[in-house]
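Hi,

Here is the structure I said I would pass on. Have a look at it first, and my notes on what turned up follow below.

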Amino acid sequence: RDLYSYLLSQWSVSHARTTEMRAMLMGRNRIEVLEEDEERNMTPIEMHSGRPGGIIEHGRGLLMAMPAFSHETKDQTTEAKRESDQLEAIMAKVFQKSLMATDFWPSVGKEVLGYGYSFVKVLTLPSVWTFQTGYPVREKDEKPKAYLTRVKKFKAEDGKFPFLITHVPALNVLTLLDAEDNVICSIEAKRVMAGLLDELGSSTAQEAIRSGSVKWYEDLLVLEYMDVNWIAYYVGQTAISDKDQTLDILHVGFEEFRKTEHHIGKCPMVCVAGIKTGEVIYEDRFKSFLDDAKESLEAYDKLLSRLMTMVHAYYLPSYVYTMAQNSMQWAGKDKKALRVKLGGVTVMLADEGLMNLPYPTGLPDAEALLREVDDIIQRHTLEDVLFGRVVGSAPAFQVNLRINVARSKLTPIAQHMATSVIRVMDLFFRGVIALGKSVMVDDLEVTVGMAKAALGRIGVSIEPKSPVDRSQDIGTATMALQFGLPWDWICENILDISN
């Protein structure tokens, strides 16, 4: 609890900023519109343009290129090169296998661009390779070769993959980071159904369900603590509602549910950095892709809402009806106060009048301000390039320049994401070593010796590419093939197809 309080105080400002950015990306941020007033007789319209979310989605598309894996051989022998090629293929298959299982990478890309940071968890699951789950037991008088064949078949076909790579929402975890953004320890808060915890043997959940304080379908808060040696789970003693903040847990009592040593030697949590500011404190350490344009995006929605309010107010024609009687003839009678009805009929007496109050001249209109704000947004986010909306009359060199500028702005983010993939694969190989058994990744086998050889020799690159870039790569590959270059070399060096 002391560690949690410390980490919460360190991350509180950053999480508040992230929460605000999440509301903007989801189109739920509050726009400052005209307050409702009966005397004004005008209904304020709040309109979100959706630009923040659209920019992030299109930027994420450029970063979703499959990582290119490489392994540095320890020597130049044929056997070492063959093993290196196999390790590169294994890393690519592990990444694809995890992507199909948990779809973690798109969520990571969205948070890295939107919030400036994200987290990935790599868990080794030795429990799926036990005799109870069907792991082959050597029969009496069974030959070693036949037994190893059955084990290999179980690992490749019948058994579950003993690794889980998944995305952890940035607002659901508190981490202690070193200067290089390596995670020293983490506390993740998650919601788990009480009935599931009951089946897993949680005494806290069983007692809560039996007493009736918690229904089996309600959620209990579970904390997952991880460091370089241990993984521990703590179950909250009271149900939580959807309105509760997941990490606001100081008022909840917890009981230790399970604790195990993972033998990996590193914390299984990986921090994926986006734009790094160079600051050490957490509140200024990471920066969203939209931070520089945040105020302009808010102003754009505000101006758009004001324009929509005016269109809504004056869409229907308004009329003024002047009665023949004057105010003297209504003296002593019950006369209703004059009320202007937009889109209706305003009734006036003969000696009454309406006029517009003068307003300062020379002020820019809303459309001019919209254009100015739009230009600021374009400069900071290069939105037109991300959307493929460069002005058709612009010279070709200017279009290419803007495309290259957009790519260069995303390149540091891609490099940081590639570094995180290296750490993920490092945890995978450490997990193989901790299992003490070879692992089958589809039709490829990684032994404990291969895993040890891979540590510290992994390389990953991610290059942001648009559909135009990929079309150019295909043209370059065709020309290289005509010049007689090897097809394998073209695939790996031009088309970025590993192995």
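**What I found**

Let's start on the outside: Met193, Leu196, Leu200, Trp216 and Tyr217 make up a nonpolar patch on the surface, and together they have about 530 Å² of accessible area. One member of that patch, Tyr217, sits in the loop that runs between helix H7 (203-211) and strand S6 (219-226). With a relative accessible area of 52%, Tyr217 counts as exposed. Please keep in mind that this is a predicted model.

Now for the overall picture. The chain has 499 residues, and 39% of them count as buried. Its secondary structure comes to 14 helices and 16 strands. Among contacts in the chain with a separation of 6 or more, 72% are between residues 24 or more positions apart. As for the outside, the chain exposes about 28000 Å², and carbon and sulfur atoms supply 54% of that.

Next, the aromatic rings. How many aromatic pairs does a search of the whole structure find? The count is 14. One of these pairs is Trp11 with Tyr282: the ring centres are 4.6 Å apart and the planes are at 20°, under the 30 degrees cut-off, so this pair is stacked. Trp11 belongs to helix H1 (residues 2-25), while Tyr282 is in the loop between strand S10 (275-276) and strand S11 (286-287), so the pair ties together parts that are 271 residues apart in sequence. Are these two residues buried or exposed? Trp11 is buried, at 1% relative accessibility, and Tyr282 is buried too, with a relative accessible area of 7%. They also belong to a wider group, since ring pairs link Trp11, Tyr117, Phe119, Tyr282 and Phe286 into a cluster.

Some rings have a charge for company. The charged end of Lys97 is placed over the ring of Phe161, at 5.4 Å from the ring centre. Over the face of Trp230 you will find Lys259, 4.8 Å from the centre of that ring.

On to the salt bridges. Side chains of opposite charge can pair when their charged atoms come close. A search of the whole structure finds 22 salt bridges. Here are some worth pulling up on screen:

- Asp284 and Arg17 meet through their side chains, at 3.9 Å from N to O. This pair links distant parts of the chain, with Asp284 in the loop between S10 and S11 and Arg17 in helix H1, 267 residues apart. Asp284 is partly exposed, with a relative accessible area of 31%, and Arg17 is partly exposed at 31% as well.
- Asp181 forms a salt bridge with Lys276, and their closest N and O atoms are 2.9 Å apart. Asp181 is in the loop between strand S4 (173-177) and strand S5 (183-193), and Lys276 is in strand S10, so the pair ties together parts that are 95 residues apart in sequence. Asp181 is buried, with a relative accessible area of 3%, whereas Lys276 is partly exposed at 39%.
- Glu188 pairs with Lys190 in a salt bridge, where the closest N and O atoms are 4.0 Å apart. Glu188 counts as buried at 7% relative accessibility, but Lys190 is partly exposed, with a relative accessible area of 22%.
- Lys93, Lys97, Asp442 and Asp443 are linked in a network of salt bridges. You have met Lys97 already, as the residue with its charged end over the ring of Phe161.

Two more residues to look at before I stop. Val151 lies in helix H5 (residues 144-158) and is buried, with a relative accessible area of 7%. Which residues does Val151 contact, leaving aside its neighbours within four places in sequence? They are Tyr135 and Pro136. From Val151 to Val137, the C-alpha atoms are 8.7 Å apart in space, and the two residues are 14 residues apart in sequence.

Leu349 sits in the loop between strand S13 (345-348) and helix H9 (366-381). Leu349 is buried as well, with a relative accessible area of 3%. Between Leu349 and Trp330 there are 9.3 Å from C-alpha to C-alpha, with the two 19 residues apart in sequence.

Cheers

Technical notes:
Residues numbered from 1 in each chain as written. Predicted model: local features only at pLDDT ≥ 70, side-chain atom pairs only at ≥ 80, totals over all residues. Heavy atoms only, no water. Phe/Tyr/Trp six-rings, centres within 6.5 Å; stacked < 30°, edge-to-face > 60°. Helix = DSSP H or I, 4+ residues; strand = E, 2+ residues; numbered from the N terminus. Buried < 20%, exposed > 50% of the residue type's maximum accessible area, 1.4 Å probe, protein only. Lys NZ or Arg CZ within 6 Å of the ring centre and 35° of its normal. Patch = residues over 30% accessible without salt bridge, like charges linked within 9 Å, V, L, I, M, F, W, Y side chains within 5 Å. Areas by Shrake-Rupley, 256 points an atom, 1.4 Å probe, with all protein chains shown as cover. Contact = heavy atoms within 4.5 Å.
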